[in-house]
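Here is a friendly walk through one protein model, meant to be read with the viewer open. Please keep the sequence at hand as well.

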Amino acid sequence: DGGEKRSPNDFALWKKSKPGEPSWESPWGAGRPGWHIECSVMASAILGSSIDIHSGGYDLKFPHHDNELAQAEAYFDNDVWIRYFLHSGHLTIAGCKMSKSLKNFITIQEVLKKYTARQLRITFLLH
């Protein structure tokens with residue numbers, strides 16, 4: 001089947017690792033967990049089977065947060081893994097979302113060389 005999605009609602013529980021990526025042996029071959037599992041496992045390891053507030057960018061509402069919910073609620077056999085989501089907008093640089101993967105990001109340390117912490121807080125509150 002080529003590993004393609006059969007439905008837009010499908011998500012990867014296990015992914016074949018690309019060269020140079022970490023991998024573990026499994027019944028499905030060498031690979032790694034899908035990123036939805038990585039996130040829900042890390043959050044649950046620290047915060048447990050039910051979390052009051054989970055945050056992230058608005059672009060993570062679907063499918064990422066929905067997939068995290070589906071996995072964690074099935075694993076913990078509950079329907080309240082997350083009580084409330086707090087979704088936020090994005091910082092942009094030249095009209096594009098600031099992202100490590102796009103290599104168009106500026107660190108807080110770099111910004112604080114030019115602006116004060118108070119100026120930065122006010123800017124964040126305005127958006």
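The report below goes from the whole chain to single residues.

**The chain as a whole**

Bear in mind from the start that this is a predicted model. The protein chain has four helices and six strands. Read from the N terminus, these elements follow the order β-β-α-β-α-β-β-β-α-α. The radius of gyration is 18 Å, well over the 14 Å that the globule rule gives for 127 residues, so the protein chain is more spread out than a compact globule. Along the principal axes, the C-alpha atoms fill a box of roughly 50 × 35 × 30 Å.

How much of the chain counts as buried? Of the 127 residues, 20% do. The exposed surface of the protein chain comes to about 9900 Å², and carbon and sulfur atoms supply 59% of that area. As for contacts between residues at least 6 apart in sequence, 50% join residues at least 24 apart. On the charge side, there are 15 positive and 14 negative charges, and their mean positions lie 12 Å apart.

**Cysteines**

A disulfide is a covalent bond between the sulfur atoms of two cysteines. This structure holds zero disulfides. Two residues to look at here are Cys 39 and Cys 96. Cys 39 has 23% relative accessibility and therefore counts as partly exposed. Cys 96 counts as partly exposed too, because its relative accessibility is 42%.

**Helix H2 and what follows it**

Helix H2 covers residues 61-76, and Gln 71 is placed in it. Is Gln 71 buried or exposed? With a relative accessibility of 13%, Gln 71 counts as buried; the cut-off for that class is under 20%. Leaving aside residues up to four places away in sequence, Gln 71 touches Phe 11, Leu 13, His 36, Ile 37 and Ser 40.

Helix H2 also contains Pro 63. The peptide bond that leads from Phe 62 to Pro 63 is cis, and its omega is near 10°. This bond is a nice one to look up in the viewer.

Further along, Asp 77 sits in the loop between H2 and strand S4, which spans 82-88. What is notable about the phi of Asp 77? Phi is positive, about 55°, although Asp 77 is not a glycine. Asp 77 counts as exposed, at 69% relative accessibility.

**The loop between S6 and H3**

Strand S6 (96-97) and helix H3 (108-114) are linked by a loop in which Lys 103 lies. Lys 103 has a phi near 60°, again a positive value in a residue other than glycine. At 72% relative accessibility, Lys 103 counts as exposed.

Phe 105 lies in the loop between S6 and H3 as well. Its relative accessibility is 39%, so Phe 105 counts as partly exposed. Which residues does Phe 105 touch, not counting those up to four places away in sequence? They are Ile 93, Met 98, Ser 99 and Lys 100.

**A tryptophan and the end of H4**

Trp 28 is found in the loop between strand S1 (14-16) and strand S2 (31-33). With 66% relative accessibility, Trp 28 counts as exposed. At the other residue of interest, Leu 126, we are in helix H4, which runs over residues 117-126. Leu 126 is exposed, with a relative accessible area of 66%.

**Pairs in sequence and in space**

The table sets separation along the chain beside C-alpha to C-alpha distance for three pairs.

| Pair | Separation in sequence | C-alpha distance |
|---|---|---|
| Trp 28 and Trp 14 | 14 residues | 8.0 Å |
| Leu 126 and Asn 104 | 22 residues | 21 Å |
| Phe 105 and Trp 24 | 81 residues | 31 Å |

**Back to the model**

To close, here are a few places to revisit in the viewer. Start with Gln 71, buried at 13% relative accessibility, and the cis bond from Phe 62 to Pro 63. Then look at the positive phi of Asp 77 and that of Lys 103. Finally, zoom out to the full chain, whose radius of gyration of 18 Å is well over the 14 Å of the globule rule.

Notes:
Residues are numbered from 1 along each chain as its sequence is written. This is a predicted model: local features need pLDDT of at least 70, side-chain atom pairs count only at pLDDT 80 or more; totals for chains, interfaces and linings use all residues. Side-chain values use heavy atoms; hydrogens and water are left out. A disulfide is a pair of cysteine sulfur atoms within 2.5 Å. Buried means under 20% relative accessible area, exposed over 50%, partly exposed in between (1.4 Å probe, protein chains only). Helices (H or I, at least four residues) and strands (E, at least two) are DSSP runs, numbered from the N terminus. The radius of gyration is taken over C-alpha atoms; the globule rule is 2.2 Å times the number of residues to the power 0.38. Contact means heavy atoms within 4.5 Å. Accessible areas come from the Shrake-Rupley method with a 1.4 Å probe; for residues, only the protein chains shown count as cover. Lys and Arg count as positive and Asp and Glu as negative; His and the chain ends are not counted. The place of a charge is taken as NZ of Lys, CZ of Arg, CG of Asp or CD of Glu.
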